[in-house]
Amino acid sequence: MKLTKLVLLSSILLGLSPLSKGQNIRGSSHDFTSKTQYNTTGELCIVCHAPHGTDATAVPLWNHNTTSQIFSTYIGYKFQGIASITQPDGASKLCLSCHDGVSAINQFGGKLQGTTPVPMPLTTNDRIGTDLTNDHPISFVYNTALATLDGTLKDPSTASTSLGGTIATDLLDVNGKVQCPSCHEVHDQTIYRFGKISNAGSALCLTCHNK
Amino acid sequence: MRFKSFFIVCSTVLGLTPLCYGQTGTIVGSKHDFSLTNNTWNFSSPITAQLQGQICRPCHAPHNTNGLSSWTQDNAGPFGPLWDHSLSTANYTIYSQGYNFWREGAATIGSPDGSSKLCLSCHDGTVALANFRTYTTGTTTMANFDGGAANLGTDLSTTHPISFTYNQALSTTDHKIWDPTTTPSGVHSGTIDGDMLENGKVQCISCHDAHNGAGVTHLLIKSNVGSALCFTCHKL
(Lines give C-alpha, C1' and ligand atoms only; values in the text may rest on other atoms or scores of the structure.)
Protein backbone atom coordinates (compact mmCIF):
# COMPACT_ATOMS: atom_id res chain seq x y z
CA MET A 1 0.00 0.00 0.00
CA LYS A 2 1.31 3.35 -0.91
CA LEU A 3 1.99 6.00 1.64
CA THR A 4 -0.61 8.36 0.24
CA LYS A 5 -3.30 5.72 0.64
CA LEU A 6 -2.17 5.05 4.16
CA VAL A 7 -2.32 8.73 5.02
CA LEU A 8 -5.72 9.03 3.45
CA LEU A 9 -7.14 6.04 5.25
CA SER A 10 -5.54 7.03 8.52
CA SER A 11 -6.97 10.50 8.18
CA ILE A 12 -10.41 9.13 7.65
CA LEU A 13 -10.08 6.94 10.68
CA LEU A 14 -8.46 9.70 12.68
CA GLY A 15 -11.46 11.83 11.99
CA LEU A 16 -13.13 9.66 14.57
CA SER A 17 -10.60 10.47 17.23
CA PRO A 18 -11.52 12.91 19.99
CA LEU A 19 -8.14 14.53 19.42
CA SER A 20 -9.38 15.97 16.19
CA LYS A 21 -11.92 18.15 17.92
CA GLY A 22 -11.65 21.85 18.29
CA GLN A 23 -10.04 22.54 21.60
CA ASN A 24 -10.14 26.27 21.61
CA ILE A 25 -10.83 26.98 25.25
CA ARG A 26 -8.24 24.46 26.29
CA GLY A 27 -4.97 26.24 26.83
CA SER A 28 -6.64 29.64 26.63
CA SER A 29 -6.72 32.26 29.38
CA HIS A 30 -10.08 30.83 30.37
CA ASP A 31 -8.65 27.38 30.97
CA PHE A 32 -8.51 27.20 34.75
CA THR A 33 -7.24 23.66 35.05
CA SER A 34 -3.78 24.82 36.08
CA LYS A 35 -5.08 26.98 38.93
CA THR A 36 -4.73 24.20 41.41
CA GLN A 37 -4.61 26.54 44.38
CA TYR A 38 -8.36 27.00 44.02
CA ASN A 39 -9.47 24.58 41.33
CA THR A 40 -8.88 21.18 42.86
CA THR A 41 -11.04 18.99 40.62
CA GLY A 42 -8.99 19.35 37.47
CA GLU A 43 -12.14 20.37 35.62
CA LEU A 44 -11.98 23.26 33.21
CA CYS A 45 -15.59 24.46 33.13
CA ILE A 46 -16.32 24.28 36.84
CA VAL A 47 -15.18 27.81 37.65
CA CYS A 48 -18.06 29.20 35.59
CA HIS A 49 -20.46 26.30 35.03
CA ALA A 50 -21.65 23.20 36.83
CA PRO A 51 -24.08 20.44 35.89
CA HIS A 52 -26.10 20.63 39.09
CA GLY A 53 -27.07 23.09 41.79
CA THR A 54 -26.31 26.24 39.83
CA ASP A 55 -27.45 29.86 40.19
CA ALA A 56 -31.09 30.15 39.19
CA THR A 57 -30.68 33.80 38.29
CA ALA A 58 -27.97 33.44 35.67
CA VAL A 59 -27.61 31.36 32.56
CA PRO A 60 -26.51 28.94 31.50
CA LEU A 61 -25.84 26.72 34.50
CA TRP A 62 -23.86 29.50 36.13
CA ASN A 63 -21.65 28.29 38.96
CA HIS A 64 -19.59 31.39 39.72
CA ASN A 65 -20.48 34.08 42.18
CA THR A 66 -22.14 36.99 40.36
CA THR A 67 -20.73 40.45 40.93
CA SER A 68 -22.58 42.73 43.31
CA GLN A 69 -20.65 45.85 42.29
CA ILE A 70 -22.34 49.05 41.18
CA PHE A 71 -20.73 50.18 37.96
CA SER A 72 -20.21 53.62 36.52
CA THR A 73 -21.74 53.33 33.08
CA TYR A 74 -20.85 54.82 29.73
CA ILE A 75 -22.02 58.35 28.96
CA GLY A 76 -21.23 59.25 25.38
CA TYR A 77 -22.48 62.65 24.30
CA LYS A 78 -22.85 61.54 20.73
CA PHE A 79 -24.51 58.31 21.68
CA GLN A 80 -27.97 58.98 20.31
CA GLY A 81 -31.24 57.33 21.13
CA ILE A 82 -30.30 56.01 24.52
CA ALA A 83 -31.03 58.25 27.48
CA SER A 84 -28.83 56.27 29.78
CA ILE A 85 -27.03 53.00 29.86
CA THR A 86 -28.29 50.70 32.58
CA GLN A 87 -26.23 48.65 34.95
CA PRO A 88 -24.64 45.67 33.21
CA ASP A 89 -27.03 42.76 32.84
CA GLY A 90 -27.28 39.49 30.97
CA ALA A 91 -24.07 37.75 30.09
CA SER A 92 -22.02 40.91 30.67
CA LYS A 93 -22.69 40.73 34.36
CA LEU A 94 -21.25 37.24 34.37
CA CYS A 95 -18.07 38.40 32.64
CA LEU A 96 -17.75 41.22 35.13
CA SER A 97 -17.98 38.72 37.96
CA CYS A 98 -14.26 38.30 37.41
CA HIS A 99 -13.34 41.23 35.22
CA ASP A 100 -14.60 43.86 37.67
CA GLY A 101 -11.28 43.40 39.42
CA VAL A 102 -12.98 43.19 42.78
CA SER A 103 -14.83 39.89 42.82
CA ALA A 104 -12.77 36.85 43.64
CA ILE A 105 -12.08 34.59 40.68
CA ASN A 106 -12.13 31.69 43.11
CA GLN A 107 -15.63 32.35 44.44
CA PHE A 108 -17.61 29.58 42.80
CA GLY A 109 -19.66 26.54 43.67
CA GLY A 110 -21.30 28.57 46.41
CA LYS A 111 -18.14 29.29 48.38
CA LEU A 112 -14.64 30.64 48.35
CA GLN A 113 -12.36 27.95 46.92
CA GLY A 114 -9.01 27.88 48.63
CA THR A 115 -8.07 30.18 51.45
CA THR A 116 -7.51 33.62 49.93
CA PRO A 117 -9.74 35.63 47.58
CA VAL A 118 -8.08 36.01 44.19
CA PRO A 119 -9.43 39.05 42.35
CA MET A 120 -8.16 39.92 38.90
CA PRO A 121 -4.83 41.74 39.34
CA LEU A 122 -4.82 45.52 39.11
CA THR A 123 -2.06 45.52 36.57
CA THR A 124 -3.66 43.39 33.89
CA ASN A 125 -5.41 44.80 30.85
CA ASP A 126 -8.05 42.14 31.29
CA ARG A 127 -9.27 43.93 34.37
CA ILE A 128 -12.13 46.18 33.27
CA GLY A 129 -12.84 47.44 36.78
CA THR A 130 -16.07 49.00 37.98
CA ASP A 131 -15.65 52.21 36.00
CA LEU A 132 -17.18 51.46 32.62
CA THR A 133 -17.29 55.08 31.47
CA ASN A 134 -14.22 54.49 29.36
CA ASP A 135 -15.41 51.22 27.88
CA HIS A 136 -17.65 50.59 24.89
CA PRO A 137 -21.25 50.65 26.16
CA ILE A 138 -22.96 47.36 26.90
CA SER A 139 -26.35 46.15 28.04
CA PHE A 140 -28.37 48.40 25.77
CA VAL A 141 -30.92 47.47 23.14
CA TYR A 142 -29.57 47.85 19.63
CA ASN A 143 -32.50 47.85 17.24
CA THR A 144 -33.62 49.47 14.02
CA ALA A 145 -34.91 52.50 15.89
CA LEU A 146 -31.53 53.11 17.49
CA ALA A 147 -29.81 52.75 14.14
CA THR A 148 -32.17 55.30 12.66
CA LEU A 149 -31.63 57.75 15.52
CA ASP A 150 -27.90 57.37 15.51
CA GLY A 151 -27.40 57.60 11.79
CA THR A 152 -24.04 55.86 11.75
CA LEU A 153 -25.11 52.44 12.95
CA LYS A 154 -26.24 49.68 10.65
CA ASP A 155 -29.71 48.24 11.00
CA PRO A 156 -29.08 45.11 13.09
CA SER A 157 -32.12 43.33 11.72
CA THR A 158 -30.83 43.43 8.14
CA ALA A 159 -27.09 44.11 8.20
CA SER A 160 -25.09 40.92 7.75
CA THR A 161 -22.04 39.76 9.64
CA SER A 162 -19.19 37.56 8.52
CA LEU A 163 -20.65 34.79 10.69
CA GLY A 164 -23.45 34.11 8.26
CA GLY A 165 -26.44 35.84 9.80
CA THR A 166 -27.45 39.34 10.77
CA ILE A 167 -26.11 41.49 13.58
CA ALA A 168 -29.22 40.61 15.53
CA THR A 169 -28.87 36.86 15.17
CA ASP A 170 -25.09 36.68 15.43
CA LEU A 171 -24.04 39.39 17.84
CA LEU A 172 -26.95 40.49 20.02
CA ASP A 173 -28.33 38.60 22.96
CA VAL A 174 -31.83 37.20 23.11
CA ASN A 175 -33.10 40.55 24.37
CA GLY A 176 -31.58 42.35 21.43
CA LYS A 177 -28.84 43.84 23.58
CA VAL A 178 -25.18 44.48 22.98
CA GLN A 179 -23.22 42.61 25.62
CA CYS A 180 -19.60 41.60 26.13
CA PRO A 181 -20.14 38.46 24.01
CA SER A 182 -21.26 40.64 21.11
CA CYS A 183 -17.56 41.18 20.46
CA HIS A 184 -15.94 38.45 22.52
CA GLU A 185 -16.21 34.69 22.27
CA VAL A 186 -15.49 33.70 25.83
CA HIS A 187 -14.89 30.07 24.92
CA ASP A 188 -12.54 30.56 22.01
CA GLN A 189 -9.21 32.37 21.99
CA THR A 190 -8.40 31.49 18.39
CA ILE A 191 -8.97 35.10 17.39
CA TYR A 192 -6.95 37.76 19.20
CA ARG A 193 -8.38 38.73 22.59
CA PHE A 194 -11.19 36.21 22.35
CA GLY A 195 -12.54 38.09 19.34
CA LYS A 196 -15.83 36.95 17.96
CA ILE A 197 -14.76 38.20 14.54
CA SER A 198 -11.23 39.14 13.56
CA ASN A 199 -10.74 42.86 13.95
CA ALA A 200 -8.12 43.09 11.23
CA GLY A 201 -9.02 46.17 9.29
CA SER A 202 -11.34 46.89 12.21
CA ALA A 203 -13.79 44.50 10.60
CA LEU A 204 -15.49 43.81 13.92
CA CYS A 205 -16.08 47.51 14.60
CA LEU A 206 -17.31 48.10 11.08
CA THR A 207 -19.77 45.24 11.39
CA CYS A 208 -22.05 47.60 13.28
CA HIS A 209 -20.55 51.04 12.77
CA ASN A 210 -21.33 52.58 9.41
CA LYS A 211 -18.16 54.59 8.98
CA MET B 1 2.39 -1.90 2.78
CA ARG B 2 0.50 -4.99 3.55
CA PHE B 3 -2.84 -4.84 5.20
CA LYS B 4 -1.65 -6.47 8.36
CA SER B 5 1.04 -3.96 9.09
CA PHE B 6 -1.30 -1.18 8.05
CA PHE B 7 -3.78 -2.44 10.58
CA ILE B 8 -1.19 -2.56 13.31
CA VAL B 9 -0.01 0.95 12.55
CA CYS B 10 -3.52 2.31 12.55
CA SER B 11 -4.44 0.49 15.72
CA THR B 12 -1.40 1.83 17.46
CA VAL B 13 -2.03 5.35 16.31
CA LEU B 14 -5.72 5.36 16.90
CA GLY B 15 -5.92 3.42 20.09
CA LEU B 16 -9.41 2.71 18.94
CA THR B 17 -9.66 -0.91 19.90
CA PRO B 18 -12.48 -1.75 22.26
CA LEU B 19 -9.92 -2.80 24.82
CA CYS B 20 -9.04 0.83 25.29
CA TYR B 21 -12.46 1.43 26.68
CA GLY B 22 -12.36 -1.45 29.13
CA GLN B 23 -14.61 -0.97 32.12
CA THR B 24 -12.42 -0.74 35.16
CA GLY B 25 -14.87 0.21 37.87
CA THR B 26 -17.25 -1.85 39.90
CA ILE B 27 -20.39 -1.18 41.84
CA VAL B 28 -18.82 -3.04 44.76
CA GLY B 29 -17.70 -0.47 47.27
CA SER B 30 -19.15 2.41 45.25
CA LYS B 31 -21.72 4.95 46.39
CA HIS B 32 -24.35 2.60 45.01
CA ASP B 33 -23.18 -0.43 46.92
CA PHE B 34 -26.17 -0.85 49.20
CA SER B 35 -24.67 -3.77 51.03
CA LEU B 36 -22.09 -1.77 52.91
CA THR B 37 -22.61 -2.02 56.60
CA ASN B 38 -21.06 1.37 57.11
CA ASN B 39 -23.04 3.02 54.33
CA THR B 40 -25.24 4.99 56.74
CA TRP B 41 -28.12 4.54 54.35
CA ASN B 42 -30.16 4.05 57.48
CA PHE B 43 -32.10 1.16 56.06
CA SER B 44 -34.05 0.61 59.19
CA SER B 45 -34.89 -2.79 60.48
CA PRO B 46 -36.33 -5.05 59.15
CA ILE B 47 -35.06 -3.88 55.78
CA THR B 48 -31.44 -4.36 56.70
CA ALA B 49 -32.24 -7.95 57.55
CA GLN B 50 -34.17 -8.42 54.33
CA LEU B 51 -31.31 -7.07 52.28
CA GLN B 52 -29.12 -9.95 53.37
CA GLY B 53 -26.07 -8.05 52.25
CA GLN B 54 -27.32 -7.61 48.72
CA ILE B 55 -25.93 -4.80 46.64
CA CYS B 56 -28.59 -4.59 43.96
CA ARG B 57 -31.78 -5.19 45.85
CA PRO B 58 -33.01 -1.62 46.51
CA CYS B 59 -33.18 -1.03 42.75
CA HIS B 60 -33.62 -4.42 41.15
CA ALA B 61 -35.18 -7.78 41.86
CA PRO B 62 -34.89 -11.01 39.91
CA HIS B 63 -38.58 -11.82 39.85
CA ASN B 64 -41.98 -10.24 39.70
CA THR B 65 -40.82 -6.76 39.01
CA ASN B 66 -42.31 -4.22 36.69
CA GLY B 67 -45.91 -3.94 37.52
CA LEU B 68 -47.06 -7.17 38.97
CA SER B 69 -49.59 -7.44 41.77
CA SER B 70 -49.20 -4.99 44.61
CA TRP B 71 -46.22 -3.08 43.32
CA THR B 72 -47.80 -1.91 40.11
CA GLN B 73 -46.75 1.56 41.08
CA ASP B 74 -43.15 0.52 40.57
CA ASN B 75 -43.61 -0.13 36.90
CA ALA B 76 -41.02 1.91 35.10
CA GLY B 77 -41.92 0.52 31.73
CA PRO B 78 -39.33 -0.58 29.24
CA PHE B 79 -36.61 1.42 30.93
CA GLY B 80 -36.81 -0.49 34.13
CA PRO B 81 -34.63 -3.54 33.87
CA LEU B 82 -36.19 -5.59 36.64
CA TRP B 83 -36.76 -2.31 38.41
CA ASP B 84 -38.11 -2.62 41.89
CA HIS B 85 -37.68 0.71 43.66
CA SER B 86 -40.71 2.90 44.17
CA LEU B 87 -40.94 5.66 41.62
CA SER B 88 -41.48 9.27 42.45
CA THR B 89 -44.75 10.94 41.62
CA ALA B 90 -43.32 14.43 41.91
CA ASN B 91 -43.93 17.17 39.39
CA TYR B 92 -40.70 18.77 38.33
CA THR B 93 -39.68 22.28 37.47
CA ILE B 94 -37.76 21.58 34.32
CA TYR B 95 -34.74 23.36 32.91
CA SER B 96 -35.77 26.55 31.20
CA GLN B 97 -32.74 28.76 31.66
CA GLY B 98 -32.49 29.16 27.95
CA TYR B 99 -29.44 30.90 26.68
CA ASN B 100 -27.91 34.30 26.33
CA PHE B 101 -27.35 34.36 22.62
CA TRP B 102 -29.07 33.10 19.54
CA ARG B 103 -27.77 29.86 18.08
CA GLU B 104 -26.74 28.65 21.51
CA GLY B 105 -29.70 26.45 22.19
CA ALA B 106 -32.90 25.24 20.73
CA ALA B 107 -33.70 21.98 22.44
CA THR B 108 -37.18 21.31 23.69
CA ILE B 109 -36.92 20.14 27.27
CA GLY B 110 -39.66 17.87 28.52
CA SER B 111 -40.50 16.43 31.90
CA PRO B 112 -38.10 13.73 33.01
CA ASP B 113 -38.73 10.46 31.24
CA GLY B 114 -36.96 7.26 30.38
CA SER B 115 -34.39 5.96 32.78
CA SER B 116 -34.00 9.38 34.40
CA LYS B 117 -37.20 8.66 36.26
CA LEU B 118 -35.47 5.73 37.87
CA CYS B 119 -32.61 7.90 39.10
CA LEU B 120 -35.04 10.49 40.36
CA SER B 121 -36.90 7.89 42.34
CA CYS B 122 -34.18 8.47 44.92
CA HIS B 123 -32.44 11.64 43.82
CA ASP B 124 -35.43 13.96 43.85
CA GLY B 125 -35.58 13.58 47.60
CA THR B 126 -39.25 12.70 47.78
CA VAL B 127 -39.03 8.92 48.08
CA ALA B 128 -37.30 7.12 50.90
CA LEU B 129 -34.17 5.27 49.87
CA ALA B 130 -35.53 2.18 51.53
CA ASN B 131 -38.78 2.15 49.63
CA PHE B 132 -38.86 -0.84 47.40
CA ARG B 133 -41.20 -3.76 46.97
CA THR B 134 -43.06 -4.09 50.23
CA TYR B 135 -40.38 -2.44 52.31
CA THR B 136 -41.76 1.00 52.85
CA THR B 137 -40.70 1.85 56.36
CA GLY B 138 -37.67 3.85 55.33
CA THR B 139 -37.58 7.48 56.30
CA THR B 140 -34.22 8.62 54.99
CA THR B 141 -34.49 10.38 51.66
CA MET B 142 -31.80 12.03 49.57
CA ALA B 143 -32.93 15.30 51.08
CA ASN B 144 -31.69 14.28 54.50
CA PHE B 145 -29.00 11.78 53.58
CA ASP B 146 -25.43 13.03 53.74
CA GLY B 147 -26.56 16.61 54.09
CA GLY B 148 -28.49 16.42 50.84
CA ALA B 149 -25.25 16.25 48.87
CA ALA B 150 -26.74 14.03 46.18
CA ASN B 151 -30.23 15.51 46.32
CA LEU B 152 -31.38 17.25 43.18
CA GLY B 153 -34.82 18.01 44.55
CA THR B 154 -37.79 18.51 42.26
CA ASP B 155 -36.53 21.84 40.94
CA LEU B 156 -34.43 20.81 37.98
CA SER B 157 -34.16 24.34 36.62
CA THR B 158 -30.61 24.67 37.89
CA THR B 159 -29.39 21.32 36.69
CA HIS B 160 -28.20 20.33 33.24
CA PRO B 161 -31.24 19.62 31.06
CA ILE B 162 -32.28 16.02 30.54
CA SER B 163 -34.95 14.18 28.59
CA PHE B 164 -34.49 16.10 25.39
CA THR B 165 -33.71 14.88 21.91
CA TYR B 166 -30.11 15.52 20.89
CA ASN B 167 -29.82 14.83 17.21
CA GLN B 168 -28.00 16.06 14.17
CA ALA B 169 -30.62 18.73 13.60
CA LEU B 170 -30.04 20.17 17.06
CA SER B 171 -26.31 20.30 16.44
CA THR B 172 -27.02 22.34 13.34
CA THR B 173 -29.26 24.80 15.14
CA ASP B 174 -27.00 25.08 18.16
CA HIS B 175 -23.57 25.65 16.68
CA LYS B 176 -21.80 24.86 19.94
CA ILE B 177 -22.55 21.17 20.19
CA TRP B 178 -21.16 18.30 18.18
CA ASP B 179 -23.13 16.14 15.81
CA PRO B 180 -24.02 13.16 18.02
CA THR B 181 -24.32 10.81 15.06
CA THR B 182 -20.70 11.19 13.96
CA THR B 183 -18.79 12.34 17.04
CA PRO B 184 -17.08 9.61 19.08
CA SER B 185 -18.06 9.34 22.71
CA GLY B 186 -14.74 8.28 24.14
CA VAL B 187 -16.77 6.10 26.45
CA HIS B 188 -17.00 3.01 24.33
CA SER B 189 -16.01 2.74 20.70
CA GLY B 190 -19.16 4.32 19.31
CA THR B 191 -20.62 7.76 18.80
CA ILE B 192 -22.33 10.06 21.27
CA ASP B 193 -25.62 8.82 19.92
CA GLY B 194 -24.65 5.21 20.27
CA ASP B 195 -22.90 5.32 23.62
CA MET B 196 -24.49 8.15 25.57
CA LEU B 197 -28.03 8.76 24.39
CA GLU B 198 -31.11 6.77 25.24
CA ASN B 199 -33.47 6.59 22.28
CA GLY B 200 -31.80 9.73 21.02
CA LYS B 201 -32.28 11.62 24.26
CA VAL B 202 -29.92 13.01 26.86
CA GLN B 203 -30.73 11.43 30.20
CA CYS B 204 -28.94 11.10 33.52
CA ILE B 205 -27.14 8.07 32.14
CA SER B 206 -25.62 10.19 29.39
CA CYS B 207 -23.11 11.40 31.96
CA HIS B 208 -23.49 8.97 34.83
CA ASP B 209 -23.08 5.24 35.13
CA ALA B 210 -25.13 4.21 38.13
CA HIS B 211 -23.09 1.03 38.29
CA ASN B 212 -19.72 2.78 38.39
CA GLY B 213 -18.39 1.06 35.28
CA ALA B 214 -15.70 3.66 34.72
CA GLY B 215 -14.70 3.85 38.36
CA VAL B 216 -14.40 7.62 38.42
CA THR B 217 -15.77 10.21 40.80
CA HIS B 218 -19.46 11.07 40.86
CA LEU B 219 -20.21 7.82 39.05
CA LEU B 220 -19.42 9.52 35.76
CA ILE B 221 -19.27 7.49 32.57
CA LYS B 222 -15.75 8.75 32.03
CA SER B 223 -13.31 11.05 33.76
CA ASN B 224 -14.12 14.74 33.66
CA VAL B 225 -10.54 15.86 34.23
CA GLY B 226 -10.04 18.81 31.93
CA SER B 227 -13.83 18.76 31.56
CA ALA B 228 -13.38 15.99 29.01
CA LEU B 229 -16.89 14.74 29.59
CA CYS B 230 -18.38 18.20 29.00
CA PHE B 231 -16.36 18.62 25.84
CA THR B 232 -17.60 15.34 24.46
CA CYS B 233 -20.77 17.12 23.41
CA HIS B 234 -19.96 20.80 23.87
CA LYS B 235 -17.96 22.22 21.01
CA LEU B 236 -15.83 24.62 23.02
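**Entry 1. Cavities**

I began with enclosed space and noted that about 50 Å³ lies in the largest cavity. The model I am reading is a predicted one. I looked up how many cavities reach 30 Å³ or more, and the structure holds two. The general idea behind such a search is that rolling a probe the size of a water molecule over the atoms shows where empty space is left.

I then listed the lining of the largest cavity. Among the residues that line it are A:T73, A:Y74, A:I85, A:T86, A:Q87 and A:P88. The lining also includes A:L132, A:D135, A:H136, A:P137, A:I138 and A:S139. Sorted by class, this lining has six nonpolar, five polar and one charged residues.

For the second largest cavity I recorded a volume of about 40 Å³. Its lining consists of B:I94, B:Y95, B:I109, B:G110, B:L156, B:T159, B:H160, B:P161 and B:I162. By class I noted six nonpolar residues, three polar and no charged.

**Entry 2. Nonpolar cores**

I turned next to the nonpolar cores. As a general tendency in soluble globular proteins, nonpolar side chains are buried together. Which residues of the largest nonpolar core touch the most other members? I found B:F164, B:Y166, B:I192 and B:M196, in a core of 17 residues.

I followed B:F164 further. Leaving out residues up to four places away in sequence, B:F164 touches B:A107, B:T108, B:I109, B:L170, B:G200, B:K201 and B:V202. Another core, of 14 residues, lies apart from the largest one, and its members include A:I85, A:F140, A:L153 and A:L172. I had already met A:I85 in the lining of the largest cavity, and B:I109 in that of the second largest.

**Entry 3. Salt bridges**

I searched the whole structure for salt bridges and found four over all chains. In general, side chains of opposite charge can pair when their charged atoms come close. I examined several of these pairs in turn.

One salt bridge joins A:E185 and B:K176, with the closest N and O atoms 3.1 Å apart. This pair crosses between chains: A:E185 is in the loop between α5 and α6 (203-208) of chain A, and B:K176 is in the loop between α4 (168-173) and α5 (192-195) of chain B. Are these two residues buried or exposed? I noted that A:E185 and B:K176 are both buried.

In another salt bridge, the side chains of B:R57 and B:D84 meet at 3.0 Å, N to O. The pair links distant parts of the chain, with B:R57 and B:D84 27 residues apart and both in the loop between α2 (47-51) and α3 (116-123) of chain B. Both B:R57 and B:D84 are buried.

I then looked at B:D113 and B:K201, whose side chains meet in a salt bridge at 2.6 Å, N to O. B:D113 lies in the loop between α2 and α3 of chain B and B:K201 in strand β2 (residues 201-202), so the pair ties together parts that are 88 residues apart in sequence. B:D113 has a relative accessible area of 25% and is therefore partly exposed. B:K201 is partly exposed as well, because its relative accessible area is 23%. B:K201 is also one of the residues that B:F164 touches.

**Entry 4. Chain A and its helix α2**

I surveyed chain A as a whole and counted six helices and four strands. From the N terminus on, the elements run α-α-β-β-β-α-α-β-α-α. Of the 211 residues of chain A, 40% count as buried. Among contacts in chain A between residues at least 6 apart in sequence, 55% join residues at least 24 apart.

Which residues of helix α2 (residues 90-99) of chain A are buried? My list reads A:A91, A:S92, A:L94, A:L96, A:S97 and A:C98. What covers these buried residues includes α5 (180-183) of chain A. After α2(A) comes A:G101, whose phi is positive, near 75°.

**Entry 5. A:P117**

My last entry concerns A:P117, which is placed in the loop between β2 (111-112) and β3 (140-141) of chain A. Its relative accessible area is 48%, so A:P117 is partly exposed. Setting aside neighbours within four places in sequence, I found A:P117 in contact with A:A104, A:N106 and A:L112. I also noted that 7.4 Å separates the C-alpha atoms of A:P117 and A:I105, which are 12 residues apart along the chain.

Notes: Residues are numbered from 1 along each chain as its sequence is written. Chains are lettered from A and ligands numbered from 1 in the order in which they are written. This is a predicted model: local features need pLDDT of at least 70, side-chain atom pairs count only at pLDDT 80 or more; totals for chains, interfaces and linings use all residues. Side-chain values use heavy atoms; hydrogens and water are left out. Buried means under 20% relative accessible area, exposed over 50%, partly exposed in between (1.4 Å probe, protein chains only). Helices (H or I, at least four residues) and strands (E, at least two) are DSSP runs, numbered from the N terminus. Contact means heavy atoms within 4.5 Å. On a 1 Å grid over the protein atoms alone, a cavity is a set of points where a 1.4 Å probe fits but cannot get out, and a pocket is an open set with protein on both sides within 12 Å along at least five of seven lines; lining residues have an atom within 4 Å of a point. Grid points are joined across faces, edges and corners, and a volume is the space filled by probe spheres set on the points. Ala, Val, Leu, Ile, Met, Phe, Trp, Tyr, Cys and Pro count as nonpolar, Asp, Glu, Lys and Arg as charged, and the others, Gly among them, as polar. A nonpolar core is a set of buried Ala, Val, Leu, Ile, Met, Phe, Trp, Tyr and Cys residues joined through side-chain atoms within 4.5 Å.
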